[in-house]
Amino acid sequence: MTEPTADLQFEHATYEQAQPGVACGMCGAPVGGEYWQWVGRAVCVRCRDRVFQLEADARSPQSFARAALMGAGTALGCGVAYAVLCAFRPHQLAIVTIGIGYVVATVVRKATSNVSGRRYQVLAVVLTYMASAMGYAPALWPFIKESPDQISLYGQLLAAPVVNAPDAPLVVLIIGFGMYEAWRRAQGIPMTVTGPYRVGAGAPAAR
Amino acid sequence: MSTTQERSLCRGCGAEIAASFLDCPVCHRLVHGAELTRLAAEARQAEEQGDLTTALGTWRKTLELLPSGTTQRATIEGQMQKLGAMIDGRAPRPAKDGRQGGKAAGVIAGTGAAGAMLIKFKALLVPVLANAKFLLLGLFKLPTLLSMMVFAQVGGGGHLGFWIGLTAAIYVHEIGHVATLRRYGIEASAPMFVPGLGALVRMKQYPTDAHEEARTGLAGPLWGLFASAVALGLGVAIGSPTALFVASTSASINVFNLIPVWQLDGSRGLKALSTFERVIVGVAAIAVGVVTRQRMPAVVGVIVLGRLAFGKAHPTGDRRVLALFLALVVLHPACAWVADRLIGGA
């Protein structure tokens, strides 16, 4: 068969859109005599510093507090909505917890300007679990209202998915999916920058 | 954090190239040019020999060495879509003698009805035997075998027979994914079981388009249907409630997997369906849920219809995927329904 692949050459990459010399993959400006590598792009010194600044901001306690506050608010909202949904159904609609994981992790990640990091992933997973556990609230609500030892009952609510695992393994499985989704979604962008790399003598400069 | 990292010098212009780059940022010379030339030659040779799976797998490897946005990449992706369509029957395979249908058509014409039946039988038998070898695949992989044993043991308790049967059914489901992925030349690991949760197959590459993705996604429930049916047949034949429980649970797990959310198989299957096809699947699933009084098919149907409001449906759709999705959404609940009735009557 005659195929378009027969004419391919693998000496040089030919781009569908013209590549202007060595331009910064973030701001488009010429990189000058050297460049850095970040998420597979060549970046200039100014953008490298912007990446460092973003990372420093994400590591700050203020950033974590903001993510925790926004994430907890979202998890609480999702958890209450999920509990209301469960109150009107004979069985839990655990598939909702995957959506909770998605929403909570998205909010946590956005709070860090998408930088995120391991502790934000843990935060998103914990908040997703807590919101998912609220699906058991309708069953425990009569006891929570009556009991003098409410702290213990709230503890029971948090432990409910684990305690009920033998009776409803599929529900726990789906909550696990939700937590995994939160972990995956809150992953953020790798912030490792490598370089500098010399553009080399005689290399064409970007215009 | 900034780190120094391995670098190479461009043979064309002498610029330093970061280790993760696939071409020189200055002159765009491809870092893996020689390897790409070799792979392309291999892929073309496989195409000429009619080994489309090898050709597709080899082209897929070239994508890992080509920067995105290049014309080379776009051309190869186009070729991969053509090969994928030929593999799953959406496009005719090229005939070596220049005629559509090639050797088989000639033989059928020469041997009449009996010959046609033989060839049809062969056409059925060859894929069955080719796929059967995949069933043994994971059993020779130590991590799969060990994780299966742990999975069955952890779940086992006083119902070890049930858990062994269910583990086998889940294994068949996962092998369905592996077999179809490999048919498209996609590298995938053998199934790994996670005690208390389920099993997974890790893809090392990704399907080229929605048609491939839908078929690889629905292959699990399709093979799972075979496993559930065998368990049901066994339960009926020898009067084993354990086998019937396996059939019912396996079918329910497969229906759960057809829910089109997240990374579940149904979500992958839905990607190849047009709006109209989605409506058909959604309505059929709800109807099955109502008739069999099962929640899970109804949930599948409601979410299929609900997703009409979010995201784009496939512009052209895929009749074969539609037929497969419909069959799965009807036959799995039917299998669970029959098994449950037999358990109830036992």
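How far apart should the ends of helix α6 of chain A be, at 1.5 Å a residue? Keep that in mind while you load things up, and remember that this is a predicted model.

**Stop 1: a bent helix in chain A**

Select residues 150-163 of chain A, which make up α6(A). Its 14 residues should span 20 Å, and the end C-alpha atoms sit 18 Å apart, so the two figures agree. Now look along the helix for a bend: there is one of about 35° at A:Leu157, with a proline, A:Pro161, following within four residues.

Show side chains next. A:Leu157, A:Ala160 and A:Pro161 are buried in α6(A). As a reminder, an α-helix has 3.6 residues a turn, so residues three or four places apart point the same way. To see what the buried residues of α6(A) pack against, add α4 (118-133), α5 (137-146) and α7 (169-185) of chain A.

**Stop 2: strands in chain A**

Stay in chain A and pick β1(A), residues 34-38. This strand is mostly covered, with four of its five residues buried. Which strands does β1(A) pair with? One partner is β3(A), residues 193-198, which runs antiparallel to β1(A) and is joined to it by four bridges. Click on A:Gln37 and you'll find its bridge partner in β3(A), A:Thr194.

The other partner to select is β2(A), residues 41-43, also antiparallel to β1(A) and joined to it by three bridges. Here A:Trp36 stands opposite A:Val43. Zoom in on the hairpin of β1(A) and β2(A): two residues lie between the strands, and A:Val39 takes a positive phi near 40°.

**Stop 3: over to chain B**

Hide chain A for a moment and colour chain B by secondary structure. You should be looking at twelve helices and five strands. Of its 346 residues, 42% count as buried. Taking the contacts in chain B with a separation of 6 or more, 62% are between residues 24 or more positions apart.

Now colour by domain: domain 1 of chain B covers 8-87 and domain 2 of chain B covers 141-345. Their C-alpha centres lie 35 Å apart. The contact takes ten residues from domain 1 of chain B and nine from domain 2 of chain B. On the domain 1 side, try α2 (52-63) and α3 of chain B, each of which supplies at least two residues. By class, that side of domain 1 has three nonpolar, five polar and two charged residues.

**Stop 4: one glycine**

Go to B:Gly289, which you'll find in α10(B), residues 275-292. Is B:Gly289 buried or exposed? Count the C-beta neighbours inside 10 Å: there are 21, so B:Gly289 counts as buried, the cut-off being 20 or more. Leaving out residues up to four places away in sequence, B:Gly289 touches B:Gln294, B:Arg295, B:Pro297, B:Ala298 and B:Gly301. For a distance check, draw a line from B:Gly289 to B:Val246: they are 43 residues apart in sequence and 20 Å apart in space, C-alpha to C-alpha.

**Stop 5: where the chains meet**

Bring chain A back. Here 41 residues of chain B are in contact with 38 residues of chain A. On the chain B side, select β1 (2-3), β3 (16-18), α1 (33-48) and α3 (71-87), the elements that give two or more residues. The largest share, seven residues, comes from α3(B). Finish by colouring this side of chain B by residue class: 18 nonpolar, 17 polar and six charged.

Notes. Residues are numbered from 1 along each chain as its sequence is written. Chains are lettered from A and ligands numbered from 1 in the order in which they are written. This is a predicted model: local features need pLDDT of at least 70, side-chain atom pairs count only at pLDDT 80 or more; totals for chains, interfaces and linings use all residues. Two residues are in contact if their C-beta atoms, placed from the backbone, lie within 7 Å. Ala, Val, Leu, Ile, Met, Phe, Trp, Tyr, Cys and Pro count as nonpolar, Asp, Glu, Lys and Arg as charged, and the others, Gly among them, as polar. The expected span of a helix is 1.5 Å times one less than its number of residues. The bend at a residue is the angle between axes fitted to the seven residues ending there and the seven starting there. A residue is buried if 20 or more other C-beta atoms lie within 10 Å of its own, exposed if 12 or fewer, and partly exposed in between; C-beta atoms are placed from the backbone. Domain bounds come from an automatic or database domain assignment. Two strands pair if DSSP finds at least two bridges between them.
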